[in-house]
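User: I would like to learn how to read a few features of a protein model. Could you take me through them one at a time?

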Amino acid sequence: MNFDYSEEQQLLADSVRRLLQKDYEFEARKKTVASKEGYSPAIWAKLAEMGLTALPLPSEHGGFGGGAVDLMGVMEAFGEALVVEPLVPTILGALLVAKGGSAELKQSILPAVAEGRMKLAFAHAEPGSRYDLKAVKTKASGAKLDGAKSAVLGAPMADKLVVSAQGGGLFVVDAKQVKQQAFATIDEMRAADLVLNGAEGIPLQGGLALIEEIADFASALACAEAAGAMKFACDTTLEYLKTRKQFGVPIGTFQALQHRIVDLYIAQEQARSMACLACSKVDAAESPTERARAVSAAKIKIADNARLISQEAVQLHGGMGMSDELKISHTFRRLTVLGQLYGDADHHLERFASL
């Protein structure tokens, strides 16, 4: 199978990587995550200007009609730079609107998302639901919603929320109607717990099948981002082994450490290959079952290899590897979260076996 990007995909990924190398260095990122907003409006505007917010949206609403494969190079670059801007939450919410909204609703939301003027978030997980997409207690009485959502990524920055309800119902809700308790996650993203006290929403079509489709899309993007974070972890660890000296020689000359770093690069290549498979099946699978099997298989390998690479990278850096001053410790946290996001290895093993 050919895992090479097309010329357009490679050019986009390279452009994003250049932007992040220039304006998103580690010190600049630390200031961003410490800010009140939790993201950089200036970087968000540049990402939108490059067309990232429009990439997966329909062309009739200002988008480019792309898919997960088109976003894969972007997500790898995001993983390397540990980008905290809410691109994925916005894309997930926008795709739900694009696939389930009325013509009027699409026209009022999607062009604004494509231009970077509106941010969205998908509020689905609830307290105690774990990774079960069917475990929804939020009730809809007509257009009014009552219930609670937990750890909604991107909610503090969102202008509108796409909220799920019992029976696969989906509603677009103005974020100002919802009571939020915002917080920073362990990997320095911004999320919020939500309380829906009679918030009014605009219904979407699609039901549970659409929720499962978007969840698989999100999982595939998480796999791609993890592959990028793993690449950074391997590269920065190799560089450290070449420069850190012990007994007067670089520790990278020790054969035992050479074997360990080779194992990390093999694991990183395996993860990237599985991420490519997941993204391609999300875009072009012949059936939901085929898509789900590929995504779960990829997520299992990504979760296992994320744990291996992040832990080994920190160990090979020694005690410095856990300090806030080194980017590798922040990559460790992000890989730990990506291994759990949208389902951990145990969940996807069970799902894969059931399919």
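Analyst: Happy to: we will go through salt bridges, a helix with two sides, a pocket and some backbone angles. Please keep in mind that this is a predicted model.

User: How many salt bridges does a search of the whole structure find?

Analyst: The general idea first: side chains of opposite charge can pair when their charged atoms come close. In this model, the search of the whole structure gives 22 salt bridges.

User: Which residue forms a salt bridge with E80?

Analyst: The partner of E80 is R17, and their closest N and O atoms are 3.1 Å apart. This pair joins distant parts of the chain, since E80 belongs to helix 4 (residues 68–81) and R17 to helix 1 (residues 7–23), with their positions 63 residues apart. E80 has a relative accessible area of 17%, so it counts as buried, the cut-off being under 20%.

User: And where do E213 and K99 lie?

Analyst: E213 is in helix 7 (residues 207–243) and K99 is in helix 5 (residues 87–100); the two are 114 residues apart. Their salt bridge has its closest N and O atoms 3.1 Å apart. Here E213 is partly exposed, at 27% relative accessibility, and K99 is partly exposed as well, at 46%.

User: What about R334 and E225: are they buried or exposed?

Analyst: Both R334 and E225 are buried. Their side chains form a salt bridge with an N to O distance of 3.0 Å. R334 sits in helix 10 (residues 327–340) and E225 in helix 7, so the salt bridge ties together parts that are 109 residues apart in sequence.

User: Which residues are linked with R29 in a network of salt bridges?

Analyst: That network links R29 with E188, D324 and R333. R29 also brings us to helix 2.

User: Which residues of helix 2 are buried?

Analyst: In helix 2 (residues 26–34), the buried residues are F26, R29, T32 and V33. They span an arc of only 110° around the axis, so they are on the same side of helix 2. K31 and A34 are exposed on the other side. To see what covers the buried residues of helix 2, look at helix 4, strand 7 and helix 10, which are among the covering elements.

User: Now the largest pocket: how much space lies in it?

Analyst: The largest pocket holds about 1200 Å³ of space. It is lined by 37 residues, of which A125, R130, Y131, L133 and Y342 are the closest to its centre. The next step is to ask which elements supply the lining. Helix 7 gives the most, with six residues. Elements that each supply at least two residues include strand 1 (120–123), helix 9 (288–317) and helix 11 (345–354).

User: How do the residues of that lining divide into nonpolar, polar and charged?

Analyst: The lining of the largest pocket has 20 nonpolar residues, eight polar ones and nine charged ones.

User: Last, how should I read the sign of phi?

Analyst: Most residues other than glycine have a negative phi. In this model, A151 has a positive phi, near 50°. A151 is in strand 3 (residues 144–153) and is partly exposed, with a relative accessible area of 45%. E188, which we met in the salt-bridge network, also has a positive phi, near 75°. E188 lies in the loop between strand 6 (179–184) and strand 7 (190–204), and at 16% relative accessibility it counts as buried.

Key:
Residues numbered from 1 in each chain as written. Predicted model: local features only at pLDDT ≥ 70, side-chain atom pairs only at ≥ 80, totals over all residues. Heavy atoms only, no water. Helix = DSSP H or I, 4+ residues; strand = E, 2+ residues; numbered from the N terminus. Buried < 20%, exposed > 50% of the residue type's maximum accessible area, 1.4 Å probe, protein only. Salt bridge = Lys/Arg side-chain N within 4 Å of Asp/Glu carboxyl O. 1 Å grid on protein atoms, 1.4 Å probe; cavity = no way out; pocket = protein on both sides within 12 Å on 5 of 7 lines; lining within 4 Å. Points joined across faces, edges and corners; volume = space filled by probe spheres on them. Nonpolar A, V, L, I, M, F, W, Y, C, P; charged D, E, K, R; others polar. Arc of directions from axis to C-beta. Contact = heavy atoms within 4.5 Å.
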